[in-house]
Amino acid sequence: MTPQPSANQNPNFLTTCPNHNPMKTKIILSLAIALSVALVAQPMFANTIYSYTGNPFTNVTAPYTTSDFVSAMVTLAGPLAPNMPFTSVTPTAFTLSDGVQTITNINANFSSFSFATGPTGAITVWTVNAGALSGSINTVGGGNLSPADFGHLNGTTAFGHNANAPGTWALVSSTVPDTGSTLSLMTLTLMALGVAARRFQRAAA
């Protein structure tokens, strides 16, 4: 009696076994791989956006007007901690405007951001400065700092300014990793891999 080759000995075993459906196995494995890639691609960080709205300038030269003011949108990798002492931070993105020019993390040639927070994590003290080829924008306020907002165009005498009229900061949004979706995706991946493993075992029986 001639011994039958095992699955390990016969390279064509998976294609000749009557219980094996190559197409279904490929589909299941493809699904498992796709789910695994999606799981790895899940964001594991949080983005927190703070906005600043200043008061209208009180001292201006054209093209600035008393309707212009400093505004800011600052994106951080996570929320500022409650009762944080005055600390320098590095935004992942920012946009500053003074009504005449806009400076972002894309076109800025320098920038600095420092904040302190209160018991709820709200910004209570700040200095924000940024400059580009067009000019510079800054805002200072809170604590013992003399509040002031300022915008200036490089190479000109054009500026907009106010003092002793601090604007306000607000938390716009804070996104956190979707743990539930990540766990669900992990469960689906493991289930798909389990189904594929069972099909191989049946094919080998």
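Two strands count as paired when DSSP finds at least two bridges between them. In this predicted model, D149 stands opposite N162 of strand β11 under that scheme. The pairing belongs to β10 (residues 148-153) and β11, which run antiparallel over 5 bridges. G151 also has a partner in β11, standing opposite G160. The hairpin of β10 and β11 has 5 residues between its strands. Within this hairpin, G155 adopts a positive phi near 75°.

Strand β11 spans residues 159-163. Side chains in a regular strand alternate between the two faces of the sheet. The alternation is seen in β11. G160 and N162 point to one face and are buried. F159, H161 and A163 point to the other face and are not buried. Strand β2 (residues 59-60) is joined to β11 by 2 bridges, again antiparallel. Here V60 stands opposite G160.

These strands belong to an open sheet of 7 strands. The order is β2-β11-β10-β9-β8-β7-β4, and the pairing is antiparallel. Strands β2 and β4 (87-89) occupy the edges. Each has a single partner strand, so one side of each is left without a neighbour in the sheet.

An open sheet of 5 strands is also present, in the order β6-β5-β3-β1-β12. Its pairing is antiparallel. The edges are taken by β6 (102-104) and β12 (168-175). Each of these has a single partner strand, so one of its sides lacks a neighbour in the sheet. From one strand to the next, the twist averages 15°. Inside the sheet, β3 and β5 are joined by 5 bridges and run antiparallel. V74 has F94 of β5 as its bridge partner.

The largest nonpolar core holds 25 residues. Among its members, L80, F115 and W169 touch the most others. The elements giving two or more residues to this core are β1 (47-53), β3 (71-76), β5 (93-97), β7 (110-117) and β8 (123-131). Strand β8 gives the most, with 4 residues. Leaving aside residues up to four places away in sequence, L80 touches Y50, V89, F115, T117, G121 and I123. In soluble globular proteins, nonpolar side chains tend to be buried together.

Aromatic rings add a further set of contacts. The count of aromatic pairs comes to 7. Y52 and W169 form a tilted pair, with 5.1 Å centre to centre and 45° between the planes. Y52 lies in strand β1 and W169 in strand β12, so the pair ties together parts that are 117 residues apart in sequence. Burial is assigned under 20% relative accessible area. Y52, at 1% relative accessibility, therefore counts as buried. W169 has a relative accessible area of 14% and is therefore buried. Ring pairs also link Y52, F115, W126 and W169 into a cluster.

The pair of F150 and F159 is stacked. Its centres are 6.1 Å apart, and the angle between the planes is 20°. Partly exposed residues fall between the 20% limit for buried and the 50% limit for exposed. F150 has 24% relative accessibility and so counts as partly exposed. F159 is likewise partly exposed, with a relative accessible area of 24%.

Methods. Residues numbered from 1 in each chain as written. Predicted model: local features only at pLDDT ≥ 70, side-chain atom pairs only at ≥ 80, totals over all residues. Heavy atoms only, no water. Core = buried A, V, L, I, M, F, W, Y, C linked by side-chain atoms within 4.5 Å. Buried < 20%, exposed > 50% of the residue type's maximum accessible area, 1.4 Å probe, protein only. Contact = heavy atoms within 4.5 Å. Axes fitted to C-alpha atoms, helices over the stretch in contact; angles between N-to-C directions. Phe/Tyr/Trp six-rings, centres within 6.5 Å; stacked < 30°, edge-to-face > 60°.
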